[in-house]
Amino acid sequence: MVAVPVTLAPRRPAHARATEGMPASGPLVDTHGRVHRDLRISLTDRCSLRCTYCMPEQGNEWLARTSILSTDEIVRVARVAAAAGITTFRLTGGEPLLRADIVDVVRRLSEVKSPDDPVQLAMTTNGIRLGEYLPDLIAAGLNRLNISIDTLDRYRFRELTRRDRLGDVLEGIAAAAASGLRPLKLNAVAMRGVNDDELVDLVEFAIEVGAELRFIEQMPLDAGHTWSRAHMVTREEILETLSQRWDVTALPGRGGAPAERFVLDGGPATVGVIASVTAPFCGNCDRMRLTADGQLRNCLFSTTEYDLLPILRSDAGDAGVERMLRSCVFGKLPGHAIDDPSFLQPARGMNAIGG
Ligand code: SAM
Ligand code: SF4
């Protein structure tokens, strides 16, 4: 069966969709030699918060419930992906803990085997209700956790997320800190005039709870399309601020990881910076994404999606799923080109893509 990607406007040039020369077996490799090992699985586009850089205040027009992948469908994609060399699954959303059967999803995915390495199962969450779920998630096989927290100030949190739930997030972080799950990471999007005076406080908080703070440069992925370069706090500015408090030394051996890591005052404390805008790491990218409604994406910023849903709901078999995974990876462009004047923000907001 020929995999036909679904193209959202604007259309990609034909070469981006060609599959001539695409390997039919072996690892998931693109035309630039990048082998893909990491599949981010979005479990829902819904969320308990409304972060301004991600979602509009009223929420989105939600994905149709009938198009949301069932747990069986997700596990099937994961199984085929693992057989083709994927070794990390990261559950995300929207807010993955809003999925009613989240513990079952984790249990089923933790049973997926890869022929090479053990599969790692990670989750990115806003932390709300984590305390309630964490023991079951760990027992079900969750290996790693990233929790997002952009401010420690209740008033700011309410402004930024349009919900008064900082206390719930802190409870989730406390539960994660008390659990044995390590490494534990806290994510913060750095924003000018919003939380750029809290960068040191956030790192100190992370150190206190035994986590690593990872700053993320704000990306043009908000559903309201309000991103501006001027509002974004750059990697350089983040490092400059941290250097006023600590001696900041780069750690070698980043590999394909999105975060550059730095040691503070000789260690053991570390901090990460994900500079997708000012220092893109596309050349080493090994990630692909599956949206909650069954669209495969080879880049956060891509405007092309590869529709797995009809394949999963037909008699195409696992060979059809594998071919779509391969086509998606093979169609990957060398970089995201945010700096190109022709750059167009994807139609979906971050909550519907899966961060
Ligand atoms: N709801 C969960 C959470 O907030 O952790 C998981 C989904 S969220 C989309 C995943 C990550 O993407 C979060 O750390 C969030 O801060 C980040 N994010 C969302 N929109 C972003 C943007 N426009 N630029 C940079 N990071 C963004
Ligand atoms: Fe929800 Fe996460 Fe988006 Fe915030 S960043 S609105 S918590 S999906």
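In this predicted model, helix 1 (residues 71–83) packs against helix 2 (residues 102–110) at an angle of about 25 degrees, and their axes lie 10 Å apart. Helix 1 is therefore roughly parallel to helix 2, since angles under 35 degrees fall in that category. The crossing of the two helices is right-handed. On the side of helix 1, the contact is formed by Thr71, Asp72, Ile74, Val75 and Ala78, which meet Asp104, Val105, Arg108 and Leu109 of helix 2. Sorted by class, this contact of helix 1 with helix 2 comprises five nonpolar, one polar and three charged residues.

Attention turns next to the ligands. Ligand 1 has 18 residues around it, and the nearest of these are Tyr53, Gly94, Glu95, Ser148 and Met219. Polar contacts to ligand 1 involve both side chains and backbone, as the following pairs show. From the side chain of Glu95, an N or O atom sits 3.2 Å from a nitrogen atom of ligand 1. Ser148 also contributes through its side chain, with a polar atom 2.6 Å from an oxygen atom of ligand 1. Thr125, by contrast, takes part through its backbone: an N or O atom there is 3.2 Å from an oxygen atom of the ligand.

For ligand 2, the surrounding residues are Cys47, Leu49, Cys51, Tyr53, Cys54, Met55, Gly94 and Asn126. This shell around ligand 2 contains six nonpolar and two polar residues, with no charged residue among them. Tyr53 and Gly94 deserve a second look here: they belong to the surroundings of ligand 2 and are also among the residues that come nearest to ligand 1.

A few features of the backbone complete the picture. Two peptide bonds that lead into a proline are cis, namely Arg182 to Pro183 and Gly267 to Pro268. For the bond from Arg182 to Pro183, omega is near 0 degrees; Pro183 itself is placed in the loop that links helix 5 (166–178) and strand 8 (184–190). For the bond from Gly267 to Pro268, omega is near 5 degrees, and Pro268 is located in the loop between strand 11 (260–264) and strand 12 (270–274). Arg162 is of interest for another backbone angle: its phi is near 60 degrees, a positive value in a residue that is not glycine. The position of Arg162 is in the loop between helix 4 (154–161) and helix 5.

Terms used
Residues are numbered from 1 along each chain as its sequence is written. Chains are lettered from A and ligands numbered from 1 in the order in which they are written. This is a predicted model: local features need pLDDT of at least 70, side-chain atom pairs count only at pLDDT 80 or more; totals for chains, interfaces and linings use all residues. Side-chain values use heavy atoms; hydrogens and water are left out. Axes are lines fitted to C-alpha atoms, for helices over the stretch in contact, and angles run from 0 to 180 degrees between N-to-C directions. Helices (H or I, at least four residues) and strands (E, at least two) are DSSP runs, numbered from the N terminus. Angles under 35 degrees count as roughly parallel, over 145 as roughly antiparallel, 65 to 115 as roughly perpendicular and the rest as oblique. A crossing is left-handed if the near helix is turned anticlockwise from the far one by less than a right angle, and right-handed if clockwise. Contact means heavy atoms within 4.5 Å. Ala, Val, Leu, Ile, Met, Phe, Trp, Tyr, Cys and Pro count as nonpolar, Asp, Glu, Lys and Arg as charged, and the others, Gly among them, as polar. A residue is near a molecule or strand if one of its heavy atoms lies within 4 Å of it. A polar contact is a pair of N or O atoms within 3.5 Å; within protein, one must be able to donate a hydrogen and the other to accept it, and residues adjacent in sequence count only if both atoms are side-chain atoms.
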